[in-house]
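Biologist: I am new to this structure and would like a close look at one part of it. Please take me through the surroundings of a single nucleic acid strand.

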There are 2 protein chains.
Amino acid sequence: MEELLPVIDYISRYVDLTDDEKKHLATFLKITRVKKRQFIVQPGFVCKHKSYVVKGAFRGYLIDKQGKEHTLSFAIEDWWISDYSSLIYQEPATLFVEALEDSVLIQIEYENMQRFLEEIPKLEKFERIITQRALAFQQKRLLANFTSTAEERYDEFMSKYTAIAKRVPQYALASYLGFSKEYLSKIRNGKTSKS
Amino acid sequence: MEELLPVIDYISRYVDLTDDEKKHLATFLKITRVKKRQFIVQPGFVCKHKSYVVKGAFRGYLIDKQGKEHTLSFAIEDWWISDYSSLIYQEPATLFVEALEDSVLIQIEYENMQRFLEEIPKLEKFERIITQRALAFQQKRLLANFTSTAEERYDEFMSKYTAIAKRVPQYALASYLGFSKEYLSKIRNGKTSKS
DNA sequence: AAATAAAAATGAACTAGTTTAGGAAATAGG
DNA sequence: CCTATTTCCTAAACTAGTTCATTTTTATTT
């Protein structure tokens with residue numbers, strides 16, 4: 001239970017849970033430790049969990065036909081990550097989700113998620129809210145890609161997600177922002193460095 | 001009530017509602033008729049409704065700094081449309097949502113949505129499910145843009161959303177698929193026409 | 001049915017960002 | 001502390017898709 005507190009506190013930000021409900025919820029959760037470079041989701045395999053990051057960093061990406069990587073999401077402490085469409089439809093994933101550091105997760109298995117939504121209907125509200133936020137986040141990201149140039153997107157990301165920018169490799173950042181690592185390098189060197 | 005049946009049936013696909021609940025739900029809904037070229041959402045104004053299309057066609061798009069249009073979504077009969085992030089955070093919209101034909105909508109006002117989620121908690125599940133689907137849809141769209149070429153995306157869309165493709169102008173389709181109308185025209189004429 | 005406006009097609013010049021291939025610098029592991 | 005691997009930088013050639021200006025076709029209005 002001790003170790004599961006972070007995620008229970010997280011959920012409690014959105015719905016009020018009694019102590020009993022918290023205990024019940026805890027039975028649906030499990031701690032997972034992964035090493036750097038380890039995958040928690042891989043294309044072709046059904047994504048079985050929703051994962052909350054207690055410690056560490058992850059990125060979700062896919063590889064296109066030409067072998068190019070496209071990063072779709074990052075997650076550090078207090079974020080969630082998974083292949084969403086694989087998880088909800090229980091169909092083979094398209095994404096890799098890879099640990100960028102040695103990390104600790106709290107995971108909820110798909111079947112358990114269905115069970116706890118039935119047994120603790122309050123949690124429907126939690127799921128609804130975080131899904132709405134994820135959707136709004138995605139929409140905003142999409143819009144940013146339309147309205148801004150490569151350089152603006154870079155600046156925006158650096159100021160908004162400083163913590164993430166510091167922890168992920170540049171090739172991952174470039175492939176998140178939608179351009180090549182070479183071009184990221186060009187942007188960086190175009191700036192008047194303060195170091 | 002009669003006129004509101006389509007959306008009540010839609011919701012009933014996801015959650016079982018008693019007749020009383022259906023009647024209660026109906027009090028939260030309203031019919032809106034709009035003419036071609038009319039906007040139901042505009043940048044700068046808070047998006048107040050979630051809209052279900054009974055009849056007609058819509059597109060959601062934004063205009064970037066260079067004046068270029070980017071279409072984010074289409075909606076025809078039995079689809080929902082709105083500026084999602086504006087709606088859930090009740091902040092000014094970034095999108096235009098425009099009627100492509102004379103149309104009929106069933107709308108749910110934001111405040112009413114909050115009320116009915118509290119008064120009929122069953123509907124949390126409905127909201128959760130359709131939000132999850134919207135998110136999965138968005139993710140798939142994003143992935144398709146990475147893994148396919150302009151031409152493949154065009155083919156994919158034509159076969160998957162034939163009904164929509166027939167009803168929306170080509171400039172709208174091009175700006176949805178992520179290239180210029182001139183390029184769409186080029187793709188079309190590159191194909192061996194069957195007409 | 002004519003007049004007007006909107007949408008679609010064409011082709012040539014253009015450009016943002018990619019690709020490729022090299023080497024330098026930094027990190028991690030033993 | 002030394003070696004290997006990963007990450008980062010540079011520069012030139014390249015290309016998918018854009019832009020612009022003009023024409024043809026298709027809708028819409030009177």
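Modeller: A residue counts as near a strand if one of its heavy atoms lies within 4 Å of that strand. This is a predicted model. The part to look at is DNA strand C, and residues of both protein chains surround it. From chain A these are Lys68(A), Gly178(A), Phe179(A), Ser180(A), Glu182(A) and Tyr183(A). From chain B they are Pro169(B), Gln170(B), Tyr171(B), Glu182(B), Ser185(B) and Asn189(B). Of the atoms of DNA strand C that come within 4 Å of the protein, 71% belong to sugar and phosphate.

In terms of secondary structure, helix H9 (181-190) of chain A supplies at least two residues of this surface, as do helix H8 (170-177) and helix H9 (181-190) of chain B. The largest share comes from H9(B), with three residues. By residue type, the surface near DNA strand C has four nonpolar, five polar and three charged residues.

Some individual atom pairs can be added. On the phosphate side, a phosphate oxygen of DNA strand C is 2.9 Å from a polar backbone atom of Gln170(B). For Tyr171(B), a polar backbone atom is 3.2 Å from a phosphate oxygen of the strand. A base is involved as well: an N or O atom in the side chain of Glu182(A) is 3.3 Å from a base oxygen of DNA strand C. Glu182(A) is thus paired with a base oxygen, whereas Gln170(B) is paired with a phosphate oxygen through its backbone.

Notes. Residues are numbered from 1 along each chain as its sequence is written. Chains are lettered from A and ligands numbered from 1 in the order in which they are written. This is a predicted model: local features need pLDDT of at least 70, side-chain atom pairs count only at pLDDT 80 or more; totals for chains, interfaces and linings use all residues. Side-chain values use heavy atoms; hydrogens and water are left out. A polar contact is a pair of N or O atoms within 3.5 Å; within protein, one must be able to donate a hydrogen and the other to accept it, and residues adjacent in sequence count only if both atoms are side-chain atoms. Helices (H or I, at least four residues) and strands (E, at least two) are DSSP runs, numbered from the N terminus. Ala, Val, Leu, Ile, Met, Phe, Trp, Tyr, Cys and Pro count as nonpolar, Asp, Glu, Lys and Arg as charged, and the others, Gly among them, as polar.
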